[in-house]
Amino acid sequence: MNPEFLAKLVRALGRDTVITDASEIEPWLTDWRGVYKGGAQAVVRPTSTQQVADCLRLCNEYRVPVVPRGGNTGLCGGATPDASPSNVVISLDRMNRIRSIDTIANTLVADAGCILGNLRRAAEAEGRLLPLSLAAEDSSQIGGNIATNAGGVNVVRYGMARELVLGIEAVLPNGEIFNGLQTLRKDNTGYDLKQLFIGSEGTLGVITGVALKLLPLTRVRSVVLAAVNAPLQALELLRSLYGRCGARLQAYEFFTDECLGLVLEHVDGLQQPFESRHAGYVLVELADTTDEVALQSLLEEVIGDALENGLCEDAIVSASLSQLQTLWRLREEISEAQRADGPHLKHDISLPIERIPEFLVTAEQRLREVVPDCRLFVFGHFGDGNLHYNVSRPAGADRAWAKEWEGRVASAVFSEVADYGGSISAEHGIGQLKRHEFHHHKDPMHIRLMLQIKQIFDPNSIMNPGKLL
Ligand SMILES: Cc1cc2nc3c(=O)[nH]c(=O)nc-3n(C[C@H](O)[C@H](O)[C@H](O)COP(=O)(O)OP(=O)(O)OC[C@H]3O[C@@H](n4cnc5c(N)ncnc54)[C@H](O)[C@@H]3O)c2cc1C
């Protein structure tokens with residue numbers, strides 16, 4: 001801690017922007033899951049890009065580590081400072097202004113601290129769709145979504161956050177403002193530097209503004225929950241849906257019966273959807289700009305054929321908005337149910353889609369050689385090849401199990417992922433959680449280039465130390 005630095009920071013930004021009281025700082029020092037805890041000398045809550053710049057310039061001058069924080073819903077500890085008491089956490093929560101919405105160019109420009117759900121609703125009020133959607137959308141911020149290149153439930157149709165970004169405004173560690181906040185659809189003028197901030201997890205600078213693409217609003221939605229006897233059935237059902245529903249396929253989610261059991265145990269107001277239990281479930285959403293009747297009959301026809309052709313075992317097609325929302329809750333409440341169940345070892349992995357069924361068999365064999373009686377919870381964005389392959393303590397074991405087994409379980413899961421040509425992080429990023437595995441599995445040449453880029457942007461290494469690199 002450096003009193004001179006702190007005094008200058010308070011003088012530059014004002015008392016209402018810089019929190020220094022230990023008890024007030026405390027809530028900013030842990031992650032959403034409660035797995036990590038860090039230290040900080042101050043939390044800064046700027047209200048403008050210029051204030052972010054003033055803060056970073058001072059931090060750089062005094063070599064003070066900076067941890068950018070969005071909505072703190074990240075699952076890899078990226079927004080939680082390390083143990084050093086000299087950190088400064090910079091929270092974007094007060095930078096929450098929508099700067100413009102253009103319904104001809106179909107763009108939205110906003111401060112990075114805007115809550116994703118608020119942006120989605122603002123776009124919808126203008127008759128447009130911001131398709132980035134995730135269970136944490138009412139607390140995560142668009143700056144955090146871009147810093148993690150978030151995925152979510154609509155990637156199968158619209159792609160990851162990266163594909164929606166037209167422009168970025170960011171503050172570099174030396175206080176310079178990178179003004180790439182343009183809304184042009186076309187700009188082939190050399191290296192596209194804004195891309196470097198997407199997925200950078202706060203290691204290159206602080207994102208302060210974003211320009212996003214908007215799409216036609218899908219006003220009508222139809223959902224089916226299909227029961228499957230094995231992941232192979234889920235794969236064949238996906239193939240059939242792609243062929244018959246085309247771009248209307250908006251979400252294709254999968255969860256095993258173990259996940260359903262956990263949700264029913266920990267979440268109020270939900271019931272077992274089918275008369276009997278099945279090995280797994282697929283939640284499919286179709287969406288279109290118009291013609292609810294046509295969409296519903298398409299889904300009923302496709303699912304009817306799937307049942308006849310053995311591509312699923314049973315199915316419930318949503319008949320009302322409230323039923324649609326209830327079916328979605330069975331999928332979206334899994335993370336909350338896991339949190340209530342106790343620490344889960346989370347592996348957000350990505351695989352070649354057609355190899356998922358085979359992977360699930362061999363990965364479980366490999367895992368059970370290490371820890372035979374663990375409990376396995378697999379769910380995720382099957383249509384994108386993205387599984388949350390989560391492992392929890394055996395029945396009867398205490399909560400300390402996760403810490404003790406973390407390394408061995410991760411090593412088994414990620415080695416199997418590598419054998420299949422997959423990725424150890426599909427959408428959550430690296431943060432502090434996967435730093436070790438990242439260095440182990442990533443091509444050394446890629447890491448060298450990343451370190452060189454980091455050196456150019458942040459020569460004094462003040463940005464989010466201990467994360468990613
Ligand atoms: C219930 C639940 C469901 C989820 N579902 C999904 C899902 O489907 N898909 C998915 O991809 N993720 C999902 N997540 C993870 C999480 O919501 C995303 O990673 C999200 O994008 C994080 O945004 P945030 O604002 O909360 O960022 P934070 O958690 O605050 O930060 C995440 C990282 O971004 C950096 N950062 C934050 N803001 C900025 C900024 N302005 N400038 C520079 N760096 C910044 C931080 O330093 C940190 O490294 C889920 C999380 C929960 C709790």
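Q: Which strands does helix H4 lie across, and at what angle to S5 does it run?
A: A helix on a sheet can be described by the strands it crosses and by its angle to one of them. In this predicted model, helix H4, residues 116-125, lies across S5, S6 and S10. H4 runs at about 35° to S5.

Q: In what order do the five strands of that open sheet stand?
A: The order is read across the sheet, not along the chain. Here it is S5-S6-S10-S8-S9, and the pairing is antiparallel. Strand S5 (98-102) and strand S9 (177-180) are the edge strands, each pairing on one side only. From one strand to the next, the twist averages 10°.

Q: How many bridges join strand S6 to S10?
A: Bridges show which strands pair and in which direction. Strand S6, residues 107-111, is joined to S10 by five bridges, and the two run antiparallel. For a place to look, take Leu108, which stands opposite Leu212 in S10.

Q: Which strands of this sheet does H3 lie across?
A: H3 lies across S5, strand S8 (165-171), S9 and S10. Its direction is about 45° to that of S8.

Q: What is the strand order in the open sheet of four strands?
A: That sheet reads S1-S2-S4-S3, with mixed pairing. Strand S1 (18-19) and S3 stand at the edges with a single partner strand each, so one side of each has no neighbour in the sheet. S1 and strand S2 (residues 42-44) run antiparallel and are joined by two bridges. Within this pair, Ile19 has Val43 in S2 as its bridge partner.

Q: Which helix lies across S1, S2 and strand S4, and what does helix H3 touch when it packs on the sheet?
A: Helix H1, residues 3-13, lies across S1, S2 and strand S4 (88-91), at about 20° to S2. Helix H3 (residues 49-61) packs on the sheet as well, touching S2, S3 and S4. The direction of H3 makes about 165° with that of S4. H3 is also the helix that lies across S5, S8, S9 and S10.

Q: Why look at the sign of phi in residues other than glycine?
A: Most residues other than glycine have a negative phi, so a positive value is worth noting. Arg63 has a positive phi of about 55°. Its place is in the loop between H3 and S3. Leu468, also not a glycine, has a positive phi near 60°. That residue is in the segment after helix H16 (444-457).

Q: How many residues surround the ligand, and which are the closest?
A: A ligand site can be read from its shell of residues. There are 35 residues around this ligand, and the closest are Pro68, Gly70, Gly71, Thr73 and Gly74. By class, the shell has 12 nonpolar, 20 polar and three charged residues.

Q: Which helix and strands each supply at least two residues of that shell?
A: They are strand S3 (66-69), helix H5 (142-147) and strand S10 (206-213). H5 gives the largest share, four residues.

Q: Which polar atoms of the protein lie 2.7 Å, 2.9 Å and 3.2 Å from atoms of the ligand?
A: Distances between N or O atoms can be read one pair at a time. A polar backbone atom of Gly74 is 2.7 Å from an oxygen atom of the ligand. In the side chain of Asn145, an N or O atom is 2.9 Å from a ligand oxygen atom. For Gly152, a backbone N or O atom lies 3.2 Å from a nitrogen atom of the ligand. On its own the ligand has 970 Å² of accessible area, and the protein covers 97% of that.

Terms used: Residues numbered from 1 in each chain as written. Predicted model: local features only at pLDDT ≥ 70, side-chain atom pairs only at ≥ 80, totals over all residues. Heavy atoms only, no water. Near = heavy atom within 4 Å. Polar contact = N/O pair within 3.5 Å; in protein donor to acceptor, adjacent residues only side chain to side chain. Areas by Shrake-Rupley, 256 points an atom, 1.4 Å probe, with all protein chains shown as cover. Nonpolar A, V, L, I, M, F, W, Y, C, P; charged D, E, K, R; others polar. Pairing = 2+ DSSP bridges. Contact = heavy atoms within 4.5 Å. Axes fitted to C-alpha atoms, helices over the stretch in contact; angles between N-to-C directions.
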